[in-house]
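Student: Please take a close look at one loop in this structure and then work outwards from there. I would like one connected account, with the reasoning spelled out.

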Amino acid sequence: MGIMRTALLWASENPWMRRNVPRWGFVRQALKRFMPGEDVADAVEAAKSFRERDISTIFTHLGENVTHLSEAGEAAKHYLVVLDWIAAEKLPTEISLKLTQIGFDLSEEQTYRNFSAIAARAASMGNTVWIDMEGSAYTQRTIDFYGRARGEHSNVGLCLQAYLYRTEQDIAGLLPLSPAIRLVKGAYREPKEVAFEKKSQVDENYLKLSRQLLKASREGRGRTVLGTHDLKIIAELEKFAAGEGIDRQRLEFHLLYGIKTAEQRRLARAGYRVGVLISYGEFWYPWYMRRLAERPANVLFVLKNMFSG
Ligand SMILES: Cc1cc2nc3c(=O)[nH]c(=O)nc-3n(C[C@H](O)[C@H](O)[C@H](O)COP(=O)(O)OP(=O)(O)OC[C@H]3O[C@@H](n4cnc5c(N)ncnc54)[C@H](O)[C@@H]3O)c2cc1C
């Protein structure tokens, strides 16, 4: 892992920086590239314009590691309101949330109740709820939680991270559930005991796991979503799917708002299923630091805003 990436991931967890950086105007200015706004209304407007291009959306209300159950309850209620809004606007929009945002650090049972209420409301409108994957301290608990939720709700999906050694085993264990899996590379600072260190190893594992998942979903064992902006990997997977006779409408890519926009449009025009994950909310600091860490050149963009405004 590069020094800059390590430093940015360290900063994402630093309490002083969490408190202070969000007040800096030039950082807020630079943030606009990755977020249409802090309010759900901003996300809804963005979703409408993606819909015109045959691109669906996924909403995430930023927040993680809440420290009071009341906050967890508020976060869950917010998603219920958002689902109503999605239904009213007839948007092709799913939601994605972090378990620690709805109480995972505090009470697993309350988290399950919060999650179940959201999943049930989403099911009533034919919608899917995705569970983000957080740092490796949560991996096993999140997978167990998903297994329990999947037993009760058919409309739930789980994010898995290709940088973890364990993910291949996890996929094998989950396949009997016909899971919806969004495969990503992984965004947290992880020790070498649990995660591949080199980008080439992560990329190789990503390709291997996505091929396994695509084959399984072609056989009717679940839904596979490829969460990546890596153009080489996307091209490889397009080739693989064509070779395997997987229809373009069964190949689904999700990308983040503001990243590889031209590729998002190209994939949609080519007939693939494309979703853009839109994050909004006030608690953006740790999430934004992880985005900077993914491409340290983004820091130059932030600095440019410091000197220009
Ligand atoms: C839909 C979606 C959901 C996700 N959910 C989770 C989750 O639940 N848990 C989790 O750990 N991670 C999640 N991630 C983040 C993921 O783990 C990676 O950190 C992130 O996607 C970067 O990896 P990459 O596959 O794009 O490949 P990379 O090799 O990192 O990037 C490929 C290219 O994409 C561009 N790019 C990538 N990131 C950025 C950026 N931040 N800014 C500008 N350009 C960029 C660059 O041109 C880069 O060369 C999610 C990602 C997506 C797309």
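Tutor: Pro36 sits in the loop that runs between α3 (25–31) and α4 (40–51). The model is predicted, and what follows describes that prediction. Pro36 has 19 other C-beta atoms within 10 Å; a residue needs 20 or more to be buried, so Pro36 is classed as partly exposed. Leaving aside neighbours within four places in sequence, the contacts of Pro36 include Asp42, Ala43, Glu45 and Ala46. Tyr257, Ile278 and Tyr280 are also in contact with Pro36. Tyr280 is 244 residues away from Pro36 in sequence, yet their C-alpha atoms are 7.2 Å apart.

That last contact leads to the sheet, since Tyr280 belongs to β8, which spans 273–280. In the sheet, 8 strands close into a barrel, in the order β1-β2-β3-β4-β5-β6-β7-β8, with parallel pairing. On average, and ignoring direction, neighbouring strands are turned by 30° against each other. Helix α11 (residues 261–269) packs on this sheet, where it touches β7 and β8. The direction of α11 makes about 145° with that of β8.

β7 is worth following further. Strand β7 (residues 252–256) is paired with strand β6 (residues 223–227) through 3 bridges, in the parallel sense. Two of the facing positions can be named: Phe253 in β7 is the bridge partner of Leu226, and His254 in β7 stands opposite Gly227. In a regular strand, side chains alternate between the two faces of the sheet. In β7, Glu252, His254 and Leu256 point one way, while Phe253 and Leu255 point the other way. Both sets are buried, and the count for β7 is 5 of 5 residues buried.

β7 also takes part in the surroundings of the ligand. There are 23 residues around the ligand, and those that come nearest are Asp132, Val184, Gly227, Thr228 and His229. Gly227 is thus on this list as well as opposite His254. β4 (156–161), β7 and α12 (285–294) each supply at least two residues of the shell around the ligand. The largest share, 3 residues, comes from β7. Sorted by class, the shell has 9 nonpolar, 7 polar and 7 charged residues.

α12, which contributes to that shell, also meets a helix from the start of the chain. The axes of α12 and helix α1 (residues 3–13) come within 8 Å of each other and cross at roughly 175°. Angles over 145 degrees count as roughly antiparallel, and therefore α1 and α12 are described that way. On the α1 side, the contact is made by Arg5, Leu8, Leu9, Ala11 and Ser12. α12 brings Pro286, Met289, Arg290, Leu292 and Ala293. In this contact 7 residues are nonpolar, 1 is polar and 2 are charged.

Another helix pair gives the opposite case. The axes of α5 (69–88) and helix α6 (residues 108–124) come within 9 Å and cross at roughly 5°. An angle under 35 degrees counts as roughly parallel, so α5 and α6 are roughly parallel. From α5, the contact uses Leu69, Ala72, Gly73, Ala76, Tyr79, Leu80 and Leu83. From α6, Gln110, Asn114, Ala117, Ile118, Arg121 and Ala122 take part. By class, 9 of the residues in this contact are nonpolar, 3 polar and 1 charged.

Just before α5 is a loop that can be set beside the one holding Pro36. Val66 lies in the loop between β1 (56–61) and α5. Val66 has 21 C-beta neighbours inside 10 Å, so Val66 counts as buried, whereas Pro36 is partly exposed. Apart from neighbours within four places in sequence, Val66 is in contact with Glu71, Ala72, Ala75, Thr100, Gln101 and Gly103. Val66 and Gly103 are 37 residues apart in sequence, with 6.4 Å between their C-alpha atoms.

Two further loop residues deserve a note for their backbone angles. Most residues other than glycine have a negative phi. Asp54, in the loop between α4 and β1, has a positive phi of about 65°. Ser178, in the loop between α8 (167–174) and β5 (180–184), has a positive phi near 50°. Asp54 has 15 other C-beta atoms within 10 Å and is partly exposed. Ser178 is partly exposed too, with 14.

Conventions
Residues are numbered from 1 along each chain as its sequence is written. This is a predicted model: local features need pLDDT of at least 70, side-chain atom pairs count only at pLDDT 80 or more; totals for chains, interfaces and linings use all residues. Two strands pair if DSSP finds at least two bridges between them. Helices (H or I, at least four residues) and strands (E, at least two) are DSSP runs, numbered from the N terminus. Axes are lines fitted to C-alpha atoms, for helices over the stretch in contact, and angles run from 0 to 180 degrees between N-to-C directions. Two residues are in contact if their C-beta atoms, placed from the backbone, lie within 7 Å. A residue is near a molecule or strand if its C-beta atom, placed from the backbone, lies within 6 Å of it. Ala, Val, Leu, Ile, Met, Phe, Trp, Tyr, Cys and Pro count as nonpolar, Asp, Glu, Lys and Arg as charged, and the others, Gly among them, as polar. Angles under 35 degrees count as roughly parallel, over 145 as roughly antiparallel, 65 to 115 as roughly perpendicular and the rest as oblique. A residue is buried if 20 or more other C-beta atoms lie within 10 Å of its own, exposed if 12 or fewer, and partly exposed in between; C-beta atoms are placed from the backbone.
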